[in-house]
Amino acid sequence: MLLAIDVGNTNTVLGVFEGRRLLDNWRVETSTRRTSDEYGILVRQLFTHSGIDAGKVGAVVVSSVVPPLQFNLEKMSERYFRTRPMFVGPGVKTGMPILYDNPREVGADRIVNAVSAYEKHHSGVIVVDFGTATTFDAVSPKGEYLGGAICPGINIAMEALFQNASKLPRVEFARPPHVIGRNTVHSIQSGLVFGYVGLVDGICARMQADLGFPVRVVATGGLAALVATESKAIHEVDEFLTLEGLRIIYGRNHAS
C-alpha cells in the first residue's frame, strides 16, 4: 500500500492506495508545531478508524509547500511506517517537462496536479486548484507544463474582508439567493461567490486565447464544487486530483 500526503498551507490531505485504488482519504489541519510523533499517532488513528492495516503501508510519497514540515514528516514515516518518504521536488521524475523560467520555483502541488490531469485526459488542460491560494496551471497537448497564475484564495479574501472592514461579519462561503444581495450577509456572499466565478471564468478565457489550442478545465480543492456549479469555464471537478498525481509520480520513480 502507498500513503500519499499532500501538505498545503492550510490543510493536509492524506490518501492510502492499494495499487491504483484509493482505499480512503482524510483532511487534517496543517500545523508546523505538530511533532513527528503527533503526526504518526494521528495518521495511525485515521487508519484504525477506517479499518485499514497501517502495517501494510510499504511506501510514502509527499507533496509539500511547507518546508518546515519536511523533517517531521521524514521522521514520522521512518518511525511509524518503516520507510523513507519520497518528496516530490527537484530530481524526482515527473514525466513532464517544466517550461518555467526557473522550474524549481513551481510548487510541488502544482506539478502533481498538472501530471495527474494530463495523465487522465492526454490533451491540453488548465487545472484550477482552490487552496490557500487559487492557482491556475496550463499544460500543452504534448504534456508540457507551461506556467499559470496565482490569486489569493477564497478563505484569504473572506478573512481579509472581515479583519479590515470593522462592520462586516464573517460569513459562510455559500451561494446567496440573488446576485443583488438584500442584506449584508447575502451581499458579501454574492461578492465572494460570483466574484470568484468571474475571476475563474475570466482567467480561463484569457489563458484559452493565449494558448491557442482546446483545453479541458479541471478544478480541484475544497471549494471547487461550489464555484464549478456557477462557472462556465470549469468542465469537471476532480476531488482526488492531487492524490492521484502523487500515486502516478511515485510509480514513475519506482517502476518495476
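These legends go with a set of close-up views of a predicted model.

**View 1. A cavity lined by residues from a strand and two helices, among other places.**
Let's start with the closed-off space. By the rule used here, there is one cavity of 30 Å³ or more, and the volume of the largest cavity is about 40 Å³. Look for Ile5, Thr12, Leu14, Val28, Tyr39, Leu42, Val43, Leu73 and Met76, which line the largest cavity. Strand E2 (11-18), helix H1 (36-49) and helix H2 (70-80) each put at least two residues into that lining. Which element gives the most to the lining? That's H1, with three residues. Sorted by class, the lining of the largest cavity has eight nonpolar residues, one polar residue and no charged ones.

**View 2. Helices H1 and H2 where they cross.**
Staying with these two helices, we can see how they pack. A pair like this gets described in general by two things: the angle between the axes and the distance between the axes. The axes of H1 and H2 come within 8 Å and cross at roughly 55 degrees, which makes H1 oblique to H2. The crossing of H1 and H2 is right-handed. On the H1 side, find Ser36, Asp37, Tyr39, Gly40, Ile41 and Arg44; they meet Asn72, Leu73, Lys75, Met76, Arg79 and Tyr80 in H2. It's a mixed bag: this contact has five nonpolar, three polar and four charged residues.

**View 3. The largest pocket, with a lining of 34 residues.**
Now for an open space. The largest pocket holds about 750 Å³. Of its 34 lining residues, Gly8, Asp129, Phe130, Gly131 and Thr132 lie nearest the centre. Plenty of elements chip in at least two residues each, including strand E3 (21-29), helix H3 (108-121), strand E6 (125-130), strand E7 (133-139) and helix H7 (241-253). The lining of the largest pocket breaks down into 11 nonpolar, 16 polar and seven charged residues.

**View 4. The second largest pocket, with a lining of 21 residues.**
This pocket has about 390 Å³ of space. Which residues lie nearest its centre? Look for Val88, Gly89, Pro90, Val106 and Ala108. Strand E4 (59-64) and H3 are the elements that give two or more residues to its lining. By class, the lining of the second largest pocket has 14 nonpolar, five polar and two charged residues.

**View 5. Helices H3 and H7, roughly perpendicular to each other.**
The axes of H3 and H7 come within 8 Å and cross at roughly 85 degrees. The two helices are therefore roughly perpendicular. From H3, the residues in contact are Val112, Asn113, Val115, Ser116, Ala117 and Glu119. They meet Leu241, Thr242, Glu244, Gly245, Leu246, Ile248, Ile249 and Arg252 in H7. Together, the contact of H3 with H7 has seven nonpolar, four polar and three charged residues.

**View 6. Helices H4 and H5, with a nonpolar contact.**
Our last pair is H4 (residues 154-164) and H5 (residues 184-211), whose axes come within 11 Å and cross at roughly 150 degrees. How do they run, roughly parallel or roughly antiparallel? That angle makes H4 roughly antiparallel to H5. The crossing of H4 and H5 is right-handed. Here Ile154, Ala157, Met158 and Leu161 in H4 meet Ile188, Leu192 and Tyr196 in H5. In this contact, seven residues are nonpolar, and there are no polar and no charged ones.

Notes: Residues numbered from 1 in each chain as written. Predicted model: local features only at pLDDT ≥ 70, side-chain atom pairs only at ≥ 80, totals over all residues. Heavy atoms only, no water. 1 Å grid on protein atoms, 1.4 Å probe; cavity = no way out; pocket = protein on both sides within 12 Å on 5 of 7 lines; lining within 4 Å. Points joined across faces, edges and corners; volume = space filled by probe spheres on them. Helix = DSSP H or I, 4+ residues; strand = E, 2+ residues; numbered from the N terminus. Nonpolar A, V, L, I, M, F, W, Y, C, P; charged D, E, K, R; others polar. Axes fitted to C-alpha atoms, helices over the stretch in contact; angles between N-to-C directions. Parallel < 35°, antiparallel > 145°, perpendicular 65-115°, else oblique. Left-handed = near helix turned anticlockwise from the far one by under 90°. Contact = heavy atoms within 4.5 Å.
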